[in-house]
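Student: I should like to learn how features of a structural model are read. May we take them one at a time?

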Amino acid sequence: MPEKLKRRLLIIAGTISTAIGIMGIFVPILPTTPFLLLAAACYLRSSQKFYHWLLNNRFIGAYVRNYLQGKGMPLRIKMITILLLWITISCSIIFAVQGLVIRVILFIIAIGVTVHIALIKTTPKDQGEKRQAADK
């Protein structure tokens, strides 16, 4: 495969992954982190410009950087994420889904995502604020 075509395909894949990852912020069943990490990998192999944009993005850059570097998440963000997850999953189970099997699957997904988020390293409050100031 020609190098130029490979770069373009990786940029397209990274852009689609970024879009799906951003949608995952608002749709708890759709995972955010794997898609943003896939986008970072695609951009890293195709375009330093796009990779730099992703890691320095005002809204998702710190999240991606911290995850890639294993620095963790602030407790407040973990709590908000888990709260939104459970509100959305609960609303889906109560109002949108009628099948018992699907309700059970959604509940299991919510438990799995909650456990995953809980296991992510928690950054101390002052360390997170210092890091945000340093990132700017």
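Tutor: We may. Please keep in mind that this is a predicted model. Let us begin with V113, which is found in helix α6, residues 100-119.

Student: Is V113 buried, exposed or partly exposed, and why?

Tutor: Buried means under 20% relative accessible area and exposed means over 50%, with partly exposed in between. V113 has 27% relative accessibility, so it counts as partly exposed.

Student: How does one check the length of helix α6?

Tutor: One sets the expected span, at 1.5 Å a residue, against the distance between the end C-alpha atoms. For the 20 residues of α6 the expected span is 28 Å, and the end C-alpha atoms are 29 Å apart, which agrees.

Student: Which residues of α6 are buried, and which are exposed on the other side?

Tutor: Buried in α6 are L106, A110, T114 and I117. Viewed down the helix axis, the buried residues of α6 fall within an arc of 75°, so they line one face of the helix. L100, V101, I108 and L119 are exposed on the other side of α6.

Student: How many aromatic pairs are there?

Tutor: Rings pair if their centres lie within 6.5 Å; planes under 30 degrees apart count as stacked, and those over 60 as edge-to-face. By this rule there are 2 aromatic pairs. Y43 and F50 form a stacked pair, at 5.2 Å centre to centre with 25° between the planes. Within this pair, Y43 is buried because its relative accessibility is 2%, whereas F50, at 30%, counts as partly exposed.

Student: What is the geometry of the pair formed by W86 and F107?

Tutor: W86 and F107 are edge-to-face, with 5.7 Å from centre to centre and 70° between the planes. The pair links distant parts of the chain, since W86 lies in helix α5 (residues 75-96) and F107 in helix α6, 21 residues apart. W86 is partly exposed at 26% relative accessibility, and F107 is partly exposed at 40%.

Student: How far apart are V113 and W86 in sequence and in space?

Tutor: V113 and W86 are 27 residues apart in sequence, and their C-alpha atoms are 9.9 Å apart in space.

Student: Which residues make the nonpolar surface patch?

Tutor: M1, L5, L9, I12 and I16 make a nonpolar surface patch of about 510 Å². Among them, L9 lies in helix α1, residues 3-26. L9 has a relative accessible area of 42%, so it is partly exposed.

Definitions and conventions:
Residues are numbered from 1 along each chain as its sequence is written. This is a predicted model: local features need pLDDT of at least 70, side-chain atom pairs count only at pLDDT 80 or more; totals for chains, interfaces and linings use all residues. Side-chain values use heavy atoms; hydrogens and water are left out. Helices (H or I, at least four residues) and strands (E, at least two) are DSSP runs, numbered from the N terminus. Buried means under 20% relative accessible area, exposed over 50%, partly exposed in between (1.4 Å probe, protein chains only). Patches are made of residues with over 30% relative accessible area and no salt bridge: like charges are joined within 9 Å, nonpolar side chains (Val, Leu, Ile, Met, Phe, Trp, Tyr) within 5 Å. Accessible areas come from the Shrake-Rupley method with a 1.4 Å probe; for residues, only the protein chains shown count as cover. A salt bridge is a side-chain nitrogen of Lys or Arg within 4 Å of a carboxyl oxygen of Asp or Glu. Rings of Phe, Tyr and Trp (its six-membered ring) pair if their centres lie within 6.5 Å; planes under 30 degrees apart count as stacked, over 60 as edge-to-face and the rest as tilted. The expected span of a helix is 1.5 Å times one less than its number of residues. The arc is that of the directions from the helix axis to the C-beta atoms.
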